[in-house]
Amino acid sequence: MHQKVQRPAMQCKVCYFAAAREAVDLRDSEVYEVENSTTLGELLDQCTRRYPALKGVLGQCLLAVNHEYLPTDVPWKEVRLQNNDEVAIIPPVSGG
Amino acid sequence: MTNSTLTIPSTPGECDQGDKTIVELTSESLDCAQILELVRDPTAGAVGTFIGTTRNTFDGKAVISLRYEGYTAMAKKHIQRLVSQARERWQLRHVAVVHKLGDCPAGEISVVIAVSSTHRRDALEAVPFLIDQLKASVPIWKKELLEDGSGHWKANKESVLPQ
């Protein structure tokens with residue numbers, strides 16, 4: 001019997017800033033419905049499918065999950081997200 | 001302490017002996033004198049400061065304004081962490097880090113860091129640490145608006161980049 005197991009969905013918020021915000025038509029943030037155990041890489045693939053202009057910006061960006069930077073040596077596809085995680089796309093900073 | 005233009009809550013409980021840490025991102029104009037008063041203390045012999053100001057030229061072009069935006073919750077958390085790191089290295093009394101968001105026309109103040117300490121060296125050394133680290137990692141951005149109508153997102157040379 002081949003019954004496909006329906007994985008329960010979860011929600012992740014994505015926040016955009018500066019050049020990344022301009023690449024997504026000036027949206028501050030969006031909530032994405034994703035499957036359980038979605039990775040950061042998969043979530044960002046969804047973002048860039050929706051906003052192709054984001055692809056060019058993303059390469060210069062750091063990512064933060066729940067207000068903490070993701071170390072730059074951690075591949076995005078290895079980061080499993082949890083329900084209600086807040087992901088932020090962080091272009092090079094220029095405060096001060 | 002009362003003030004009419006800007007409500008700056010202190011963060012109690014982080015330090016002993018009533019040392020204050022004030023971290024704020026605000027769309028209001030920054031009042032240096034007011035921020036200095038927040039850190040001045042009869043037990044502190046020194047106040048060290050950094051006052052960042054919008055320069056009116058960049059590469060010979062006239063700058064009209066800088067437009068700042070910030071990831072407020074994360075920025076405040078990371079500034080608080082920088083202050084904690086500074087307190088581990090230097091003996092500090094009160095610390096205020098206040099950053100402007102929104103438009104900051106040429107000549108106006110974008111950031112004020114004020115640090116008080118019993119002896120001057122601690123305050124004077126903590127200030128460059130705080131502004132350098134803020135510029136490297138705190139999620140705040142500015143877009144430079146030039147007289148010719150163009151606008152450019154800036155990147156600090158200290159900013160941490162992906163590998």
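1. Val160(B), in this predicted model, is in contact with Leu62(A), Ala136(B) and Ser137(B) once its neighbours within four places in sequence are left aside. The residue lies in the segment after β9 (151–153) of chain B, and it ranks as partly exposed because 14 other C-beta atoms lie within 10 Å. Leu36(B) stands 124 residues away from Val160(B) along the chain, and the C-alpha atoms of the two are separated by 30 Å.

2. Leu62(A), one of the contacts of Val160(B), belongs to the other chain, which leads to the contact between the chains. Chain B contributes 26 residues to this contact and chain A contributes 19 residues. On the side of chain B that touches chain A, the elements giving two or more residues are α2 (72–89), α3 (120–137) and β8 (140–146) of chain B. Of these, α3(B) gives the most, with 4 residues. By residue class, the side of chain B that touches chain A divides into 15 nonpolar, 6 polar and 5 charged residues. For the complex, the predictor gives an ipTM of 0.91 and a pTM of 0.90.

3. As for the fold of chain B, the secondary structure comes to 3 helices and 9 strands, which follow the pattern β-α-β-β-β-α-β-β-β-α-β-β when read along the sequence. Among contacts in chain B between residues at least 6 apart in sequence, 73% join residues at least 24 apart. Chain B has 163 residues, and buried residues make up 37% of them.

4. A word on confidence is needed before individual residues are discussed. Chain B averages a pLDDT of 91, and 90% of the residues score at least 70. Two stretches should nevertheless be set apart: over residues 1–5 of chain B the pLDDT stays under 50, and the model has 4 contacts beyond four places in sequence for them. Over residues 10–16 of chain B the pLDDT is likewise below 50, with 9 contacts in the model beyond near neighbours in sequence. Where pLDDT is low, the predicted coordinates should not be read in detail.

5. The UniProt annotation "binding site", which comes from an unreviewed entry, covers His119(B), Arg120(B), Lys135(B), Lys142(B), Lys143(B) and Glu144(B). These positions span 26 residues in sequence, and their farthest two C-alpha atoms are 38.3 Å apart, so they do not all gather at one spot. I would therefore take the annotated residues separately rather than as a single cluster, given that they do not all gather at one spot.

6. His119(B), one of the annotated residues, is found in the loop between β7 (109–117) and α3 of chain B. It counts as exposed because it has 12 C-beta neighbours inside 10 Å, and a residue is exposed at 12 or fewer. Leaving aside neighbours within four places in sequence, His119(B) is in contact with Gly45(B) and Ala46(B).

7. Glu144(B), another of the annotated residues, is found in strand β8 of chain B, an element that also gives two or more residues to the side of chain B that touches chain A. With 19 C-beta neighbours inside 10 Å, Glu144(B) counts as partly exposed, since a residue is buried only if 20 or more other C-beta atoms lie within that distance. Not counting residues up to four places away in sequence, Glu144(B) touches Phe58(B), Val63(B), Leu66(B), Gly151(B), His152(B) and Lys154(B).

Definitions and conventions: Residues numbered from 1 in each chain as written. Chains lettered and ligands numbered in written order. Predicted model: local features only at pLDDT ≥ 70, side-chain atom pairs only at ≥ 80, totals over all residues. Contact = placed C-beta atoms within 7 Å. Nonpolar A, V, L, I, M, F, W, Y, C, P; charged D, E, K, R; others polar. pLDDT = per-residue confidence, 0-100. UniProt positions renumbered as here; feature names shortened; annotations may be inferred.
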